[in-house]
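I opened the file to look up a few items by atom distances and contacts. My notes follow in the order I made them.

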Amino acid sequence: MTAVEGVDELRRSLAGPVVEPAAAEYDAARRGFNALIDRRPAVIARCLGPEDVATAFEFARARGLEVAVRGGGHNPAGHCVVEGGLVIDLSLLRSVEVDGDARIARAAGGSTWLDFDPATQAFGLVTPGGVVGSTGVCGLALGGGIGHLTAQYGLTCDNLVGAELVTPDGEVIHASEDENAELLWGLRGAGGNFGVATRLEFRLYPLEHVTGGALAYAGAGVRDALRRFRDVAAGAPRDLSCQASLSVDESLAPTLVVLPCHTGTEPDSELRALRAAPGLVEDGVGTHTFLEQQRVVDSAYGENRHYWKGHFVRELPDELIDELVARIMALGRPPGGILIESLHGAPKDADSSAGAVGFREAAFNISAQAVWLDPTLDEQSIEWARETAAALEPWSLGGGYVNYMQADEPIERVRAAFGAEAFDRLRALKRRYDPENVLRRNQNIPPA
Ligand SMILES: Cc1cc2nc3c(=O)[nH]c(=O)nc-3n(C[C@H](O)[C@H](O)[C@H](O)COP(=O)(O)OP(=O)(O)OC[C@H]3O[C@@H](n4cnc5c(N)ncnc54)[C@H](O)[C@@H]3O)c2cc1C
């Protein structure tokens, strides 16, 4: 790769470090969560604040370099790294300030949930975030945000109340209900299309303990256990968020892991119903701190190859459950699986006027998650995810979850994720804040 001219000048003007291909830390700095993505950027600018971000944008513009933005590096599409271009890397811009009285947290642009949750829990407060600690707070929130507290407090983006953003022309702007409210609406779901968020502000709620963990089912009971999970979610309990993950074990038998997170004070009939479902082989549910709940799920960073594809569905009838069990048997090997996230409860409180996310009507988000190590399995793994997603189509509301989308999704899928009306509104916002579509390494909204 030919070196980019003027990198020394960039190094002098940036407060943070600049990483070039010859640097010892280059390979680690270009690595994202998904090992399927292997790109070599020309330069990685580790920005420490809005001025650095503006400088990096200017540097890329002057040299015609494509730009990628990196938060936690988790996006399965690998949008955080660009071949031959410039990465605006926020991984050193990690801090979380909490105003306990106002119940507001301010997260710097590269903060992860590993930064956020301990900071807010020091005040006995939470916001609904993601289930894996190393995921970027801003990346996740800007695409929606589904996790252990979704039923109780809504999507992460529903709790986004303010933002500081650097647009590609280097302007620093703020968004809140009182200032650039249309931009705040767009930030609630339309990802990093409008600028680099150097700070996001979130509403907080008092919560320190939950009853949660994992319930594991195996063998012939799995189908009925999944039906039980569906029936529990259909009752829309506000104090119980719930996700399920279908996979196969080493013996190639189907397994189901259900992840309840209950925050009520009363003994919970839904938890009892889940525990009584057929096929239960392990009951890891108990009362623990919220920080312990946030450690229930983890995922190796940068090791496995991933390809995810899914749909928001309006219902989960028995017929679809049969289809999912058949699809997991077709996978025929661990790891990987089918993730089913319930969207009952608080996400339904807001409507399309609150934010750009377009999936509030959905009952569940169902994602085929192909995960593998061996590159010779690329084609067959990707095919399995695509075929599994295709099998969901009869129940689909039309769009997929932008936070889980690969880079090969057509624009129709992105449009469907928001709905035609919201998509047009987002395109007008894009024209205003990023008319040249500098920020196109994302689930892209083309400028109107
Ligand atoms: C293991 C794993 C677990 C996950 N768990 C959840 C979950 O529980 N709930 C959920 O809803 N999603 C989850 N996700 C999906 C995740 O929310 C998205 O992939 C999200 O894009 C990750 O953000 P990131 O900053 O870590 O990723 P990156 O790859 O660094 O960023 C992805 C994109 O987000 C944008 N972006 C990131 N930071 C900024 C910023 N500060 N300003 C502007 N744009 C920015 C950019 O467009 C960037 O290219 C998970 C993903 C993985 C791989």
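**Ligand.** I looked up the residues around the ligand and got 35 of them. The closest are Gly 71, Gly 73, Ile 146, Ala 197 and Tyr 401. The model is a predicted one, and I read the distances below with that in mind.

I then went through polar pairs between ligand oxygen and protein backbone. A polar backbone atom of Gly 73 lies 2.6 Å from an oxygen atom of the ligand. For Gly 72, I read 2.8 Å between a polar backbone atom and a ligand oxygen. Val 131 also has a polar backbone atom facing a ligand oxygen atom, at 2.9 Å.

**Val 126.** I found this residue in strand β7, which spans residues 125-126. Is Val 126 buried or exposed? Its relative accessibility is 0%, so I entered Val 126 as buried, the cut-off being under 20%.

I listed its contacts, leaving aside neighbours within four places in sequence. Val 126 touches Thr 120, Gln 121, Leu 149, Tyr 153, Arg 203, Leu 204, Tyr 205, Leu 207 and Phe 290. I checked Phe 290 further: 164 residues separate it from Val 126 along the chain, and the two C-alpha atoms are 8.4 Å apart.

**Helices α13 and α14.** I took α13 as residues 411-418 and α14 as residues 420-433. Their axes are 6 Å apart and make an angle of about 105°. This falls in the range of 65 to 115 degrees, so I noted α13 and α14 as roughly perpendicular.

On the α13 side I found Ile 411, Val 414, Arg 415 and Phe 418, which meet Ala 420, Ala 422, Phe 423 and Leu 426 of α14. I sorted the residues of this contact into seven nonpolar, one charged and no polar.

How values were computed
Residues numbered from 1 in each chain as written. Predicted model: local features only at pLDDT ≥ 70, side-chain atom pairs only at ≥ 80, totals over all residues. Heavy atoms only, no water. Axes fitted to C-alpha atoms, helices over the stretch in contact; angles between N-to-C directions. Helix = DSSP H or I, 4+ residues; strand = E, 2+ residues; numbered from the N terminus. Parallel < 35°, antiparallel > 145°, perpendicular 65-115°, else oblique. Contact = heavy atoms within 4.5 Å. Nonpolar A, V, L, I, M, F, W, Y, C, P; charged D, E, K, R; others polar. Buried < 20%, exposed > 50% of the residue type's maximum accessible area, 1.4 Å probe, protein only. Near = heavy atom within 4 Å. Polar contact = N/O pair within 3.5 Å; in protein donor to acceptor, adjacent residues only side chain to side chain.
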